[in-house]
Amino acid sequence: MKKVLCYVMLATMLCSCGGCGARADVESGGGFIYHWKTVFAPNKAELDFMKRHDIGRLYIKMFDVVVEQNYVSGCTEVVPVATTRFQGTVPKGVEVVPVAYITLEALRAMQGREVEYAELIAERMLAMCSYNECGEIYEIQLDCDWTASTRKTYDILCQAVKDVLFERGIDLSITVRLHQLTETPPAADRGVLMLYNTGRLKSIDTKNSILDIKDAKPYIKSVDYPMPLDYAYPTFGWGVKFVDGEFVSIVSEDEKASEEGEHIRYERPTSEDILAVKALVEEHFGKPSMGNILYHLDIEQIKHYTHGEVDKILAR
């Protein structure tokens, strides 16, 4: 990974990416939103949506960290893939939080070399932000579906990233899945509780794997979680294809079953579904630390929700 990551390192003053000045007051804004595409080129409708809802912060996935086979050496390597290409500019006044998604397989492969990978990941994210003129960076985020058995490795990785960022005045946030709420969180300044993908996607008996309050409720209990939390809510839908009761793939909502034994379960949480979970979360964990977050910036998805519905989801 070192060789693959380092080639994008730019000979720039990375402190220009850091939080050298005061962080803008975004708490009074309408809310935040994720960008989870490999090309950053928001269209007019998406820019209008951001302006209409006073979006003050964009969480942009910069790349995935995965394990891949090196066909020359025959060994597996931890490498960045699905790097986001910037073909548009970040709207003026909008803060960017770069995000790196780390697969569980990659996390396991980092064991014993967490500090090395932490530096490579953090530096690559900051270099990308500098090169693509994302403005001052006050926070970066790691996204990983870590488990109890990989928590120690992730904690070492997160602490090492924090150490890299500390001298630049940049915070580290992590995503928190519902099943991780019972575990002590890794080293980070704050977390984002992901309130989507709560059900069993591959089960034919699942009603809605994206968000169902019945799936979320057992995890949401009044606890003194040792980290400030913001909340991310789903504003997307998809189809889940089965053949003879067996999971096949995620498909577009436009796809129709065409073969015998084929079944497509269409999933999209309604605003009522989202607001019910939001009320439950705030009852047990309180208001978000800084704001609520939508997943994600795609007008073909968020057009299914009215402006009034979006305002209620984002409201603090």
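Q: Are Y196 and F236 buried or exposed?
A: This is a predicted model, with pLDDT of at least 70 needed for local features and 80 or more for side-chain atom pairs, while totals for chains, interfaces and linings use all residues. Numbering runs from 1 along each chain as its sequence is written, and side-chain values use heavy atoms, without hydrogens or water. Buried means under 20% relative accessible area, exposed over 50%, partly exposed in between (1.4 Å probe, protein chains only). Y196 fits the first of those labels, and F236 does too: both are buried.

Q: How many aromatic pairs does the structure hold?
A: Rings of Phe, Tyr and Trp (its six-membered ring) pair if their centres lie within 6.5 Å. Count them up here and you get twelve.

Q: What kind of aromatic pair do Y196 and F236 form?
A: Planes under 30 degrees apart are stacked, over 60 edge-to-face, the rest tilted. The ring centres of Y196 and F236 sit 6.1 Å apart. With 85° between the planes, the pair is edge-to-face.

Q: How many residues apart in sequence are the parts that the Y196 and F236 pair ties together?
A: Y196 lies in the loop between β9 (190-194) and α6 (213-216); helices (H or I, at least four residues) and strands (E, at least two) are DSSP runs, numbered from the N terminus. F236 lies in the loop between β10 (229-234) and β11 (238-243), so the pair joins parts separated by 40 residues.

Q: Which residues form one aromatic cluster with Y196 and F236?
A: That pair has company in one aromatic cluster. The other members are F32, Y34, W36, Y59, W238 and Y295.

Q: Over the face of which residue does K61 lie?
A: A charge sits over a ring if NZ of Lys or CZ of Arg is within 6 Å of the ring centre and within 35 degrees of the ring normal. K61 lies 5.9 Å from the ring centre of W36.
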